[in-house]
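Colleague: I should like to go through this model with you, beginning with a single residue and ending with the confidence scores. Please reason briefly before each answer.

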Amino acid sequence: MSMLKINDLRAYYGQVQALHGLEFALTEGTVTTLLGANGAGKTTTLRAICNMIRSTGNIEFEGKKLGGMSTESIVRLGIAHVPQGRGTFTNMTVEENLQLGAITRPDKKQIASDIERMYDHFPRLKQRYTQQAGTLSGGEQQMLAVARALMLRPRLMLLDEPSFGLAPLIVRDLFGILGKINREDKVTILVVEQNAQLALELAQQAHVIETGRIVMSGTAAEIKNNEDIRKSYLGY
Amino acid sequence: MELFTNQVLAGIATGAIYACMALAVVMIYQAIDHLNFAQGEMAMFSTFIAYQLMQWGLSFWPAFILTLVISFIGGIVLERVLFKPLTNAPVLVHVAGFIALFAILNSVAGLTWDFTIKQFPSPFGSSGFLGSQLISTHQAGMVGVTLVLLALLYIFFRFTRVGLAMRAAASLPESARLVGINTSWMIALGWGMASAIGAIAGMLIAPVVFLEPNMMGGILLYGFAAAVLGGLTSPLGAVVGGFLVGIFENLVGTYIPGIGNELKLPIALALIIVVLVIKPSGLFGRKIVQRV
């Protein structure tokens, strides 16, 4: 059963068209990755799902059409978006950032216990919970961004280049946690990555984008083992 | 020495007015990143509403509360009708909008209630405070109200979820939308709160300067000076700035020969310029700590 269905998605930055009729679907409970070079349209796809950019086409989340909805109402359906650059509220504390992640939820008691759970997932954040988020290291800020997104109790999590600018060891850690979140909390994940090798280890499904179109889709194993794709699009 | 204490106390009393106005200025600045030039006229208009309610027979406090409610709703309506359509417009369009609002409110008030000055009652009376000759009960009441207001705002922004959401929407609108905050309503709420705070300032100051459509002209300038001095991003700064401007203005007027009462207003302007040159973020302005 597909949770998110995207049909004929076209997106525009001013006059420039960035997506040319993208089509794909996400299966509930899986991790899917969008791969491709710089400027292929990966970030644009995520932004179009949350209606943060002008787009046409059809996006359906659990049978509900997202076209014309505001970003905040799409988020309220249970779609958490960790944007590029992480979108951390740098002048607020770590704890306030986590509170903000749950700002749309009415269940106050469970919010407190969810914050504790985030500190279990990311012990580093617990040590720094009264600190201004802007003073965290890059890795810690990325952990905070993921934790903030999880505070929504999302059904679907969109991640935009979570590995960007992080040391390899921290990236390993982070992807380990993402896998755990997917398995234990049953969160469906769509992750955009330039680090294809890493993303293909986490994901079950993969789509390769080139200049606003999907040029190849398959299971992570198929994409990984396809020599041509690897050489021409993934560069390793 | 007695002259000095006297002037400082009087400065604190007028400073409370500036602090109130500065709070309103900071509220809107936080929400939309612009200074609202019509803030003073909005406050004046609210005060006229209170005056009208009392003319119709309400006693002070019911009129006060009702005026706050009306001003709060009025602020939200102004934002929805006039400024929401301008969200993405350049800054000069906003300035034009503020000036238009200024002129409209000023003339409508003049048309409705005419330009003669009117008495406005003080809820605190005007006898000496604690038997003192230096400060009246009304002035003491003003200081008290300002401090209570500041404490309420602090609690609101620090400990409530709506306050947290408003801060988030003001600092990073896009991220705020991504956690599900309706940023456009947060701005409207900021307008409503600023309008209500302005109404409090107007109703506190009207007993001192008397009620008339131009009563806020000079005071808004002092309010701006206070907000700039304290730092435009900090409610606490606005209040401290208000008291400092009040004291400073009185001391300069008393001790520097040739300034007197007539030249007090340019002092506010000079202060704005000096602060902007020496410390643009003000005394309490946000210093963003960032690790790179």
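**A residue, an interface and the confidence**

Colleague: In which helix of chain B is the place of B:Val143?
Modeller: The model is a predicted one. The helix that holds B:Val143 spans residues 137-159 of chain B. That helix is H5.

Colleague: Is B:Val143 buried or exposed?
Modeller: A residue counts as buried if 20 or more other C-beta atoms lie within 10 Å of its own. Leaving aside neighbours within four places in sequence, B:Val143 is in contact with B:Ile12, B:Ala13 and B:Ala16. Because 20 other C-beta atoms lie within 10 Å of B:Val143, this residue is buried.

Colleague: Which element gives the largest share of the side of chain B that touches chain A?
Modeller: In chain B, 19 residues are in contact with 22 residues of chain A. The elements of chain B that give two or more residues to this side are helix H6 (161-171) and helix H7 (173-178). The largest share, five residues, comes from H6(B).

Colleague: How many residues of that side of chain B are nonpolar?
Modeller: The residues of chain B that touch chain A divide into three classes. Five are polar and five are charged. The nonpolar residues number nine.

Colleague: Over which residues of chain B does pLDDT stay under 50?
Modeller: Chain B averages a pLDDT of 88, and 96% of its residues score at least 70. Where pLDDT is low, the predicted coordinates should not be read in detail. The stretch under 50, for which the model has 11 contacts beyond four places in sequence, is residues 288-292 of chain B.

Terms used: Residues numbered from 1 in each chain as written. Chains lettered and ligands numbered in written order. Predicted model: local features only at pLDDT ≥ 70, side-chain atom pairs only at ≥ 80, totals over all residues. Contact = placed C-beta atoms within 7 Å. Helix = DSSP H or I, 4+ residues; strand = E, 2+ residues; numbered from the N terminus. Nonpolar A, V, L, I, M, F, W, Y, C, P; charged D, E, K, R; others polar. Buried ≥ 20, exposed ≤ 12 C-beta atoms within 10 Å, placed from the backbone. pLDDT = per-residue confidence, 0-100.
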